[in-house]
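Here is a short report on selected strands, loops and residues. Keep the sequence and the 3D view at hand while reading.

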Amino acid sequence: MKLTKGFLTLTAGLSVCHATELYKRVSTQDMDSFKGALLLKNGQQTSCEIALMRDTQGLVSANCLDYTDDSAKTVDMNTKYEVAISAGNDGTYGAFKVTKITPNPGYDPASFANNLAVIQFENGGRTQFTNYVASWRPDWKDLYYTRRTLFNSGNGGWNAPIITAYSSSSDSSSCSQANKLFSSNQDDFLCNQLSVTSIYNSSCEIPYGSVYGVNDPNIAIAALYSHSAVYGENNFCGNSKVYNYYTVLAKYMRWAMDVVGKATPVYHSNATDYKEPSDPNYSMSNPSSADTDGVTVVGGDVYNLKTRNAVVPSASEQSDIPDETQSSTPSSEPSSDSDDSKGISTGAILGIVFGLLALLTLVGLFARKKLRQNNIDLSSRVYRWLFNRENNINAYENGGALRPPSYITNVNDPEPVEKANIDLYDPRSSDYSKYNVDHKRYY
């Protein structure tokens, strides 16, 4: 079920992680006013959504970032990071400079375990706000999978978000077979095959960016896209067997609180058996064995995917025209640095070659017809080449059916041996015509 709008309120269980104060919203909130965020890199949008906690803090998937080392411990701050925040359905709140990024100490770039980072940014003097993170999985009666996109990252033009309601937490059996990290940490992931059309390529289906936990009428962000398991060859787009995994945020909230130095806002239903996350050092169980045979694991920014096993086409190698279902506004998003990078496909080259051959064949047939109509002299080289007269003679001598009379020994002789009307097969038809040796014409 696709939703463009839903009337949602936050009326219960709003609290601050590891704090006694209980927060409660008294105003209603629908999707038109719910703030979402995307990570920008060097002025271009990524597919990476940010779980906002406050007006200057949030969580992002760690594999969306650039690093100075292979162990992914030090973020490369030479990349220009910004956080673009929407003001509801398609309004613009602003884009803000990132000041600090802290990956989770347990993040493993090989398996994508603990795939989160705290991102801190300026707010441009804007009014402070607080967003809540869904912290208790039993609360989630429904899940809203959300994909946010910009049609212009330069001025912060937002497309309306695409939201799909999906009640199942995970397709456990298939997801476990495809990815051993999920199999070992099922409480820390959501997994399924849900997808949405990419804004860069209408034939490419990509994962959603974030997931919201819903306990009607309450809603709070619950998970972020982490990675995908792709069966078969390197074909992320158009592959019917792709499983997408989303990191559940709840168990990392105490760690996030320690990073920012403030209590982190979380939502729960205030049930008596609820326990707030309390371990700042929580880490997934990271399997030591290799991935499933025949499966490629990719993750992070799906417009420029990171992969361990294969090369996946980036946004610059895809169509740079936004999907027509998104917006009629021209896009200023990533495009190829050079037209040469797009190249010409092998199929196109073969098509051109066969087309030229077909054209030459038609021209030859037309010329042959014209030459016959103009009664080209049998002694001309053009005739001998076109009608292959000598080959016909050889064919007869080897048992073929076509041969001129033996007394016509040399058509170039000014005076043939005999002057008579003779039967000679006319290659223009199945009829026999009279050939006059004197005039050397069919009649």
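The report goes through one strand and its partners, then a residue elsewhere in the chain, then two loop residues. The model is predicted.

**Strand 9 and its partners**

Strand 9 spans residues 57–60. Is it covered on one face or on both? Both faces are covered. Gln57 and Leu59 are buried on one side, and Gly58 and Val60 are buried on the other.

Strand 9 pairs with strand 8, residues 51–54, and the two run antiparallel. Three bridges join them. The connection is a hairpin that passes through two residues. Across this pair, Ala51 stands opposite Leu59.

Strand 9 also pairs with strand 12, residues 117–121. This pairing is antiparallel too and runs over four bridges. Here Gly58 has Ile119 as its bridge partner.

Gln57 belongs to strand 9. Its relative accessible area is 4%, so Gln57 counts as buried, the cut-off being under 20%. Which residues does Gln57 touch, not counting those up to four places away in sequence? They are Leu52, Ile119, Gln120, Phe121, Val260 and Lys262. Ile119, one of these contacts, is also the bridge partner of Gly58.

**Ala220 in strand 22**

Ala220 lies in strand 22, residues 218–231. Ala220 counts as buried because its relative accessibility is 0%. Val133 is 87 residues away from Ala220 in sequence. In space, their C-alpha atoms are 5.3 Å apart. Val133 is also among the contacts of Ala220 once neighbours within four places in sequence are left aside. The others in that list are Tyr132, Ala134, Tyr212, Gly213 and Tyr267.

**Two loop residues with positive phi**

Asn42 sits in the loop between strand 6 (37–41) and strand 7 (44–49). Its phi is near 55°, a positive value in a residue other than glycine. Phe112 lies in the loop between strand 11 (92–103) and strand 12. Phi of Phe112 is near 70°, again positive in a residue other than glycine. Is Phe112 buried or exposed? Phe112 is buried, because its relative accessible area is 3%.

**Accessibility at a glance**

The table gathers the relative accessible areas of three residues.

| Residue | Relative accessible area | Class |
|---|---|---|
| Gln57 | 4% | buried |
| Phe112 | 3% | buried |
| Ala220 | 0% | buried |

Strand 12 links two of these topics. It pairs with strand 9, and the loop holding Phe112 lies between strand 11 and strand 12.

Note on methods
Residues numbered from 1 in each chain as written. Predicted model: local features only at pLDDT ≥ 70, side-chain atom pairs only at ≥ 80, totals over all residues. Heavy atoms only, no water. Buried < 20%, exposed > 50% of the residue type's maximum accessible area, 1.4 Å probe, protein only. Pairing = 2+ DSSP bridges. Contact = heavy atoms within 4.5 Å.
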